[in-house]
Amino acid sequence: MEIEFAGAAREVTGSCHILRFNGKTVLLDCGMFQGRRGETRVKNATLPIEIQEIDAVVLSHAHIDHAGRLPFLTANGYANPIYCTAATRDLSAVMLADSAHIQEKDAEFLTRRNKEAVAPLYGMRDATTAVDRMVGLPYDTTFDVVPGLRASFTDAGHILGSASVVLECTENGTRKRIVFSGDVGRAGLPIIRDPMPPQGADVVLLESTYGNRDHPPVAGARDQLARVVTETAAHGGRILVPAFSVGRTQELVYDLHILAREGKIPEIPIYIDSPLAIDATTVFAMHPEIFDRTEDLVQKVQELFKFPLVRYTREASESKALNSQHGPMVIIAASGMAEAGRILHHLAHGASDPRNTILIVGFQAEHTLGRRIVEHAPMLRVFGDEVPLRARVEVLSGYSAHGDRHELQQWIDHVRSDGQPTGHTGAAPDVYLVHGEPEAQDAFAEQLRAAGYPSVHAPTPHQKITL
Ligand SMILES: [Zn+2]
Ligand SMILES: [Zn+2]
């Protein structure tokens with residue numbers, strides 16, 4: 001039995017791990033590498049393994065850094081099943097179509113710039129074929145992946161449909177229980193359930209995105225949101241929110257719905273200005289069976305994402321028309337780091353007005369416009385023009401979809417325990433940290449060793465381990 005770390009090794013994107021046993025080969029995730037275009041283009045266009053060798057894929061969730069290269073597999077002839085949860089399948093349909101669109105646009109741009117034909121990594125047809133290969137399964141149900149490998153999903157509490165994967169692998173009479181965390185969420189996030197760590201493992205592949213960070217509690221985020229909306233509306237300004245279309249946007253709509261019901265925000269229009277967000281919201285509404293039933297709004301209200309203040313603008317003309325409207329409003333638009341998408345024209349129009357607030361609700365990577373805003377840069381460059389930043393900037397970090405170092409520790413401690421109230425703790429599993437930058441991984445490895453996990457590793461790209 002062998003695992004090769006083909007992606008998200010000493011970095012956060014390109015999640016892909018290859019499990020080989022009994023002459024069978026199974027991929028865990030097949031995500032896109034993201035970052036500087038030149039570097040990632042080559043990495044993404046390199047197959048992680050020969051297509052004909054892959055017997056099956058098990059997918060943890062629909063985020064592009066986990067699912068984004070599945071259409072590249074199908075474009076190259078992959079025709080075996082891709083196992084995931086039902087909601088992941090439905091979200092992937094929306095997200096992979098969007099990704100194909102971006103790939104096609106990108107190739108067009110490079111073709112124009114280089115004056116020679118550049119083929120997209122994959123197209124819309126390949127995205128559709130990848131979704132056709134997906135087998136949507138319920139949580140907590142064991143299924144056969146290939147002979148000798150059984151698997152089940154538990155809720156990772158990260159985005160709708162996100163899963164941790166339990167793999168029971170048998171080779172020559174030896175049985176190993178391998179747990180792949182996927183991306184681990186946080187307790188208390190809106191709509192989705194809290195992470196449900198599996199129990200018992202010989203080997204754990206654990207994400208480590210925030211292995212060196214503490215997040216503020218989820219609980220305060222909604223109150224802060226209410227304060228920002230109320231204060232800005234009182235000044236007659238707009239609240240401009242760059243947000244990822246899938247997950248973060250629905251959480252914000254949900255929290256604004258609660259605040260509107262409780263009369264904690266003024267009655268101003270809330271525009272969801274993103275076609276992808278609108279499609280993703282439809283998928284959310286299709287899966288109430290996996291909402292967090294302990295939440296008040298989920299119990300009381302059927303239509304979580306529709307209420308009198310909220311308006312969905314699909315057409316570009318509707319989006320542009322918002323510029324000529326008057327009065328306070330909330331505009332939620334992609335992209336999450338203000339690198340592209342409709343948020344750019346709202347920023348070009350609104351960043352220089354001191355009555356407005358730019359509300360940051362997600363991680364802003366280096367070299368992005370979002371990061372410049374967080375750092376209060378005096379001038380922003382939008383569409384090639386200089387725009388002075390005079391709007392207020394507010395940062396809410398309670399919405400993070402990844403657990404911090406304490407939450408990750410709790411998660412793996414739960415995997416190690418037998419789940420009994422007496423709190424019996426089993427032998428420490430071998431831990432392989434994935435999906436983290438070296439700094440975060442090294443700090444988290446230290447923390448885990450100190451907490452009684454003697455065998456903690458942070459594999460390098462394409463490193464292979466034998467089980
Ligand atoms: Zn994710
Ligand atoms: Zn991820």
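## Worked exercises: rings, zinc and a hairpin

F363 has a relative accessibility of 41%, so F363 counts as partly exposed (buried means under 20% relative accessible area, exposed over 50%, partly exposed in between; 1.4 Å probe, protein chains only). This is a predicted model, in which local features need pLDDT of at least 70 and side-chain atom pairs count only at pLDDT 80 or more, while totals for chains, interfaces and linings use all residues. Residues are numbered from 1 along each chain as its sequence is written, chains are lettered from A and ligands numbered from 1 in the order written, and side-chain values use heavy atoms, without hydrogens and water.

**Exercise 1.** Classify the ring pair of Y210 and F363.

*Solution.*
1. Start with the count: the structure holds five aromatic pairs (Phe, Tyr or six-membered Trp rings with centres within 6.5 Å; planes under 30 degrees apart are stacked, over 60 edge-to-face, the rest tilted).
2. The ring centres of Y210 and F363 are 6.4 Å apart with planes at 70°, so this pair is edge-to-face.
3. Y210 sits in the loop between β11 and α6 (221-234), F363 in the loop between β16 (357-360) and α12 (369-374), so the pair ties together parts 153 residues apart in sequence (helices are DSSP runs of H or I, at least four residues; strands are runs of E, at least two; numbering is from the N terminus).
4. Y210 has a relative accessible area of 9% and is therefore buried.

**Exercise 2.** Describe the arrangement of donors around the zinc ion (ligand 1).

*Solution.*
1. List the donors: H61 (NE2), H63 (ND1), H158 (NE2) and D183 (OD) coordinate this ion at 2.1 to 2.3 Å (donors are N, O and S atoms within 2.8 Å of the metal, or 3.2 Å for Na, K and Ca).
2. Check the angles: they run from 91 to 167°, which makes the arrangement irregular (four donors are tetrahedral if all angles lie between 85 and 135 degrees; four are square planar and six octahedral if opposite donors are over 155 degrees apart and all others between 65 and 115; anything else is irregular).
3. Look next door: the zinc ion (ligand 2) is 3.3 Å from ligand 1, and D183 coordinates both.
4. Finish with burial: D183, at 1% relative accessibility, counts as buried, and H63 counts as buried at 18%.

**Exercise 3.** Sort the side chains of strand β17 (residues 379-382) by face.

*Solution.*
1. L380 and V382 point to one face and are buried, whereas M379 and R381 point to the other and are not.
2. Across the hairpin, L380 stands opposite V387 in β18.
3. In the turn, two residues separate the strands, and F383 takes a positive phi near 50°.

How values were computed: Pairing = 2+ DSSP bridges.
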